[in-house]
Amino acid sequence: MYYQPYLKAEALEHYLGDPHSEKTTFSYENSAALDIEEAFPQEIVNELQTWGLHHYYVPVEYGGNLESYEQLLMLLRLVARRDLTVAIGHGKTYLGSVSVWVGGDQPQKMTLGQEIRNGTIVSLALTERAHGSDLLANDFDAEPNPEGFLLTGEKWLINNATRGDMLTVFARTDVKGGARGYSVFLVDKNQLGEDAYTCLNKVKTHGIKGADISGIQIHKTLIAPDTLVGKLGHGLDIVLKSLQITRTLCASLSLGAADNALRLTYQFAITRELYDQKLRDIPHTRRVLLQSFSDLLIAEVCSITSSRGIHVLTEQMSLISAVAKYFIPTSIEDMISQLGKVLGARAFLVDLFEHGRYQKLQRDHRIVALFDGNTLVNLQAIINQLKTLAKFRNKARSNQDQRLATLFDVTAQLPDFQSDKLSLTTKGQDTVLNSLYHVDQLDESSSNLVAIKQYVKTILAEIEKLDSEVLNTDWVINSIPARCFTLAQRYCLLYAAAACIQLWLFNQQHLDSKPLTGIWHDGIWLRICLERLLNKLKLPITPCANAETLFLEQLDKQYHNNMLFSLFPLKLSDYTNN
Amino acid sequence: MLVATQSIAAGGKSQQAQFEQYLGDPNDSQVALSYAKILEADEAGVITKEAEECLDKWHLNHYFVPQELGGKLSRFDTMVEVLRPVFRRDFTLGLGYGVTSFIAAVNVWLSGNQEQKQHLADILLNNEKVSVVFHELNHGNDFIHNELKAIPTANGFRLSGKKQVINNIERARAFVLFAQTSEKAGSRSHSLFLIDKKDLSPESYRYLPRYKTLGVKGCQIAGIEFQDTFANQESLLGKAGSGVENALKAFQITRCILPAMSVGVADTALRTVLKFATKRKLYNRSVADIPHARWTLVNAFLDLLIIDCLSGSMTRALHVIPEQMSVYSALMKYFVPLTIEQMLNDLSIILGARFYLREGEFGIFQKLLRDYPVVSFGHAGTAICQATIIPQLKFLARKGWSKPLEKREHLREIYQFEGNLAPFQPEKLKLTNNGKDDILGSLRSLLANASYPITDELRSFIVFFNSQLDNLIEEVDLLERNTGNNLCEPKAFDLVEKYAIIFAAASCINTYLENPHHSEPFFQSGKWLNAALQRLAQKLSPNMVVESTELEEELLYQMCERLDNGYSFTLAGSPLAG
Ligand SMILES: Cc1cc2nc3c(=O)[nH]c(=O)nc-3n(C[C@H](O)[C@H](O)[C@H](O)COP(=O)(O)OP(=O)(O)OC[C@H]3O[C@@H](n4cnc5c(N)ncnc54)[C@H](O)[C@@H]3O)c2cc1C
Ligand SMILES: Cc1cc2nc3c(=O)[nH]c(=O)nc-3n(C[C@H](O)[C@H](O)[C@H](O)COP(=O)(O)OP(=O)(O)OC[C@H]3O[C@@H](n4cnc5c(N)ncnc54)[C@H](O)[C@@H]3O)c2cc1C
């Protein structure tokens with residue numbers, strides 16, 4: 001099957017070269033060495049610049065190549081599968097600029113577009129030492145005065161704060177604070193006086209050790225009025241909307257890490273002999289591999305859905321991004337840790353097996369769930385909307401969202417992204433989950449499809465149960481009981497199941513690609529992925545050994561053919577390990 | 001070993017308290033075992049001389065040597081209590097300084113002759129180290145395929161081959177070696193040796209380079225290669241060909257001891273995060289006041305109490321029912337590390353960005369997270385422990401789980417904190433339980449026994465866990481029928497998980513009931529027990545959710561009191577230094 005975003009992604013992959021080769025700059029070996037030295041991967045970043053990855057951080061209207069967020073996600077995924085430090089260190093420029101794309105005026109956007117294309121590094125300076133997620137407690141000030149704004153304060157744990165040139169700063173413009181008390185500024189360090197700011201030391205981190213995680217203090221410095229992004233007092237709104245996009249894109253980091261971990265473990269499992277058999281063939285290991293491959297594919301489905309959602313369901317992104325940012329990093333974190341158990345000592349040794357790739361990716365990946373809105377903040381964003389979603393469910397039964405095909409059929413052209421459609425709540429709409437009320441196309445022509453149809457019923461019943469639990473539970477926003485977090489987690493699993501079902505339904509007819517027909521045909525991957533999700537929901541399943549075998553054969557095939565672990569074909573530059 | 005005929009009195013608590021005082025407040029950067037110095041040593045990849053001298057002065061090694069050989073080891077529970085202060089501060093030191101020597105020594109205490117035992121005792125009492133030389137990179141847990149050979153010659157053995165990933169190999173005075181002594185493959189092909197390096201010709205062996213590791217960075221982990229190295233006849237431990245059997249028996253001790261000691265790590269993790277949560281202000285209150293964070297903290301406390309019940313009882317069970325330890329030690333090694341790993345993960349979420357930093361007030365946490373996996377995969381990983389139990393399930397189901405235990409007197413010995421204990425009788429260790437399981441048998445007979453003050457709430461839990469045990473028996477039976485005796489299905493691993501949970505519940509109940517005279521009010525109130533059982537019940541049946549914020553409040557209060565007043569989070573609530 002032809003999957004458009006993989007064309008560019010494959011070109012990037014091809015350009016970067018075989019990560020196992022000594023001749024390659026962006027190799028596992030170099031990444032490992034840089035990690036040990038805790039050095040910034042400058043040479044690798046230069047390569048990405050030469051290829052022009054940064055052009056994808058700038059929307060086409062402002063001179064860049066960013067047309068499709070699905071495309072950007074897939075490009076970052078391939079960078080991340082080699083080294084998360086690089087993906088995060090480089091991708092941060094998008095994080096730094098997004099507030100301007102969402103909230104800025106035309107001249108600001110044109111200027112920033114030009115800057116980024118010229119290689120300027122942009123950071124997001126949001127977090128403060130004492131306040132973390134509590135943005136409304138921030139006390140970095142931008143005091144309005146006749147000549148502009150007087151900046152004073154500290155931002156800490158800021159990626160590229162020291163190395164970067166520009167920063168988007170979230171600052172208090174009204175001493176009283178509050179939802180309209182903050183604004184966003186685009187600050188160019190080079191235009192501040194030398195004494196105007198101090199960069200704080202690089203912090204020693206657990207993972208992404210080479211990244212420049214530091215901070216900045218600004219000492220009573222005047223900045224010009226035109227550095228204000230959007231309206232005065234609209235900072236919170238702009239930042240929260242911008243995060244809807246970046247939280248969605250974080251999925252690329254998890255997908256990359258997941259491929260890396262599974263590839264490595266599979267390599268070990270097919271070469272390791274224990275008790276006169278291959279490790280892969282020990283039933284327990286087989287199960288871990290099966291679960292991991294399905295976790296990866298489920299994460300991929302959610303990533304595709306959410307990144308296409310930026311274009312198609314823009315007004316629902318408050319929900320979609322929170323689901324993606326909670327669900328994908330945490331499920332991949334679990335997957336990675338299960339795979340580590342298969343690797344045994346090799347998960348722990350830094351310089352023995354494949355340059356200690358596992359221990360690095362495992363450490364690196366732990367940042368994904370943490371930054372850009374941590375797991376709990378995202379779950380809370382879902383919880384806040386659960387009641388409205390439940391109330392609107394009935395309406396959704398009768399009305400089918402006409403945009404389903406554009407969302408799920410990956411060959412459909414995506415509409416242009418319109419940032420003004422972003423909204424702080426989804427107003428009870430959830431096209432993805434509610435689409436399950438409209439799956440009449442699902443026939444029962446094979447035992448797999450019969451099983452799938454049964455699972456759909458189970459899921460629908462569970463939605464109903466969840467909704468009624470939600471409606472029967474009372475909570476106040478600033479003291480949400482722990483139980484509600486479980487409700488939100490279940491919501492995400494159901495949502496993921498719906499996405500899998502629709503993605504399969506809308507794309508199975510494009511079955512023209514030989515290498516993947518094995519798992520698309522007859523809903524094999526769908527069945528396995530649904531079973532995985534239902535299992536996590538503790539709902540009954542009826543696994544089928546034959547489907548599992550076919551599924552694992554696909555894993556094997558993708559591994560041996562150096563394909564990305566994916567529902568769509570993408571050829572990697574790795575040499576064959578077998 | 002420990003051949004004394006009378007019973008031995010407990011004394012662990014006072015010795016632990018003295019040791020705590022001796023080691024001093026870990027938050028005081030001046031003391032040898034301060035978190036500051038520990039982190040610094042970790043960054044440098046060393047164990048400091050200062051730290052080791054501190055333990056040498058206390059003669060910690062004496063606790064690894066049985067009393068009759070001049071040491072202080074008479075009860076395993078005491079030994080664990082004494083060692084916990086070290087693990088509370090630095091897992092690396094605990095492993096690198098001492099426990100590695102103990103793991104080696106146990107083989108000698110079990111299988112050595114009098115001279116060998118005395119020789120090893122003298123080495124340890126002299127503060128020297130002993131290595132365990134088992135592991136070959138190519139074979140891992142597959143002992144029977146280990147290749148290093150000890151070929152019998154006229155007056156001894158000729159060693160050739162390599163062992164890798166061996167702690168302290170270079171600085172150890174002696175080592176216990178696992179080597180192939182017979183060409184005939186099978187379970188009698190290998191033997192154990194105790195070798196003093198003084199008896200080896202220095203030219204005949206060499207050390208392999210040290211490995212860098214993700215955690216326990218200070219441990220000196222390297223390898224050794226023998227080239228026709230001559231080892232004398234006296235170095236053989238036990239009979240030729242008894243290596244596998246004897247090693248498996250020794251494991252039964254260490255698989256109880258190591259997880260039990262590692263509860264100290266959990267204590268520090270919880271302390272660190274609780275400190276953060278009470279200090280950190282978000283949304284105008286402390287993080288500990290956020291219901292989700294509070295719930296996570298309280299659950300961590302409950303988990304800690306649960307595994308502490310297991311640790312105390314299992315280290316005493318080694319003395320009381322040694323013939324049942326093949327299963328119990330595997331349950332311990334499976335359940336405790338898994339619980340602590342999960343706890344560390346959950347706690348890391350509360351710590352947020354602070355968990356990702358290798359510096360600052362909470363920097364110790366990431367070290368715990370990196371060090372801890374050694375407990376779970378080293379020395380037989382989770383899956384392998386499950387695999388040890390699986391073939392025994394059907395016998396357990398038919399015998400131990402089906403028959404109510406009539407005589408309970410010996411249970412008192414297993415569960416009482418302060419009671420006397422029978423001396424350990426190593427010759428009673430068996431490779432299988434033969435279907436015996438007194439602990440779950442005791443769950444069967446509890447309600448029939450009128451002498452226990454069982455509240456209604458406790459009664460309903462006992463009924464619940466008994467019915468879960470009924471289910472488990474059925475499931476084992478079903479699996480046996482479906483898979484024709486071959487229980488090595490992935491499903492069987494799930495059954496072990498259930499078994500472990502029921503087992504943990506029984507251990508908590510017995511611990512409570514058998515200590516009616518324990519005066520500590522928190523322990524006596526039994527509220528912790530109901531909460532702990534609730535937590536375990538939920539793992540088996542997600543519908544068992546009952547929320548009591550009141551109880552949660554009380555437990556959190558208890559935790560904060562212990563934090564403020566310097567007591568451990570374990571059942572005993574032992575006084576801590578600082
Ligand atoms: C390597 C790294 C790079 C970073 N890069 C950047 C960057 O480039 N720019 C930038 O601005 N920031 C950056 N950050 C900061 C990061 O985004 C913050 O760490 C994050 O927003 C969370 O804040 P916190 O970790 O201080 O946790 P806190 O907000 O202090 O939260 C602590 C705990 O409180 C609880 N909690 C908080 N909120 C809720 C809630 N709503 N519901 C329930 N429980 C809750 C949770 O248990 C949570 O873990 C970076 C951090 C790291 C570690
Ligand atoms: C820090 C550190 C210190 C160490 N110190 C020492 C030391 O001092 N002396 C020493 O001898 N060794 C030492 N070791 C080695 C350690 O004991 C081994 O790592 C351990 O035995 C596991 O071996 P392996 O990693 O090769 O795993 P493998 O045997 O290759 O197993 C890999 C995976 O296969 C699966 N598996 C294996 N068997 C089964 C089964 N029966 N059923 C289901 N699944 C199975 C599991 O998922 C397992 O994790 C140390 C290791 C480390 C990391």
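Two strands are taken to pair where DSSP finds at least two bridges between them. In this predicted model, that criterion is met by strand S2 (residues 130–133) and strand S5 (residues 174–180) of chain B, which pair in the parallel sense over four bridges. Within this pairing, Val133(B) has Leu177(B) of S5(B) as its bridge partner. The side chains of S2(B) alternate in direction, with Val130(B) and Val132(B) pointing one way and Ser131(B) and Val133(B) the other, and all of these residues are buried.

On the antiparallel side of the arrangement, S5(B) pairs with S6(B) over seven bridges, and Val176(B) stands opposite Leu194(B) in S6(B). Strand S6 of chain B, which spans residues 190–196, is mostly covered, seven of its seven residues being buried. This cover extends to both faces of S6(B), since His190(B), Leu192(B), Leu194(B) and Asp196(B) on one side, and Ser191(B), Phe193(B) and Ile195(B) on the other, are all buried. S6(B) is also joined by two bridges to strand S9 (residues 236–237) of chain B, and these two strands run antiparallel; here the bridge partner of Leu192(B) is Leu237(B) in S9(B).

Charged contacts were examined next. The count over all chains comes to 65 salt bridges. One of these is formed in chain A, where the side chains of Glu70(A) and Arg308(A) meet with an N to O distance of 2.8 Å. This pair links distant parts of the chain, Glu70(A) lying in helix H4 (residues 69–80) of chain A and Arg308(A) in helix H9 (residues 283–312) of chain A, 238 residues apart. Both Glu70(A) and Arg308(A) are buried.

In chain B, a salt bridge is formed between Arg294(B) and Glu552(B), whose closest N and O atoms are 4.0 Å apart. Because Arg294(B) lies in helix H9 (residues 291–320) of chain B and Glu552(B) in helix H21 (residues 549–565) of chain B, this pair ties together parts that are 258 residues apart in sequence. Arg294(B) and Glu552(B) are both buried.

A salt bridge within a single helix is provided by Lys367(B) and Asp371(B), with the closest N and O atoms 2.6 Å apart. Both residues lie in helix H11 (residues 364–371) of chain B, four residues apart, which is about one turn of the helix. Lys367(B) counts as buried because its relative accessibility is 2%, and Asp371(B) is likewise buried, with a relative accessible area of 1%. Elsewhere, salt bridges that share partners join Glu13(A), Arg81(A), Arg82(A) and Asp574(A) into one network.

Charge is also found on the surface of chain B, where Lys399(B), Lys403(B), Lys428(B), Lys430(B) and Lys436(B) gather in a patch of positive charge. Among them, Lys428(B) is placed in the loop between strand S12 (420–421) and helix H16 (438–445) of chain B. With a relative accessibility of 37%, Lys428(B) counts as partly exposed, since that class lies between the buried limit of under 20% and the exposed limit of over 50%. Asp470(B), in helix H17 (residues 456–482) of chain B, also counts as partly exposed, at 36% relative accessibility. Although Asp470(B) and Ser402(B) are 68 residues apart in sequence, the distance between them in space is 8.4 Å, C-alpha to C-alpha.

Terms used
Residues numbered from 1 in each chain as written. Chains lettered and ligands numbered in written order. Predicted model: local features only at pLDDT ≥ 70, side-chain atom pairs only at ≥ 80, totals over all residues. Heavy atoms only, no water. Patch = residues over 30% accessible without salt bridge, like charges linked within 9 Å, V, L, I, M, F, W, Y side chains within 5 Å. Areas by Shrake-Rupley, 256 points an atom, 1.4 Å probe, with all protein chains shown as cover. Lys, Arg positive; Asp, Glu negative; His and termini not counted. Charge placed at Lys NZ, Arg CZ, Asp CG, Glu CD. Buried < 20%, exposed > 50% of the residue type's maximum accessible area, 1.4 Å probe, protein only.
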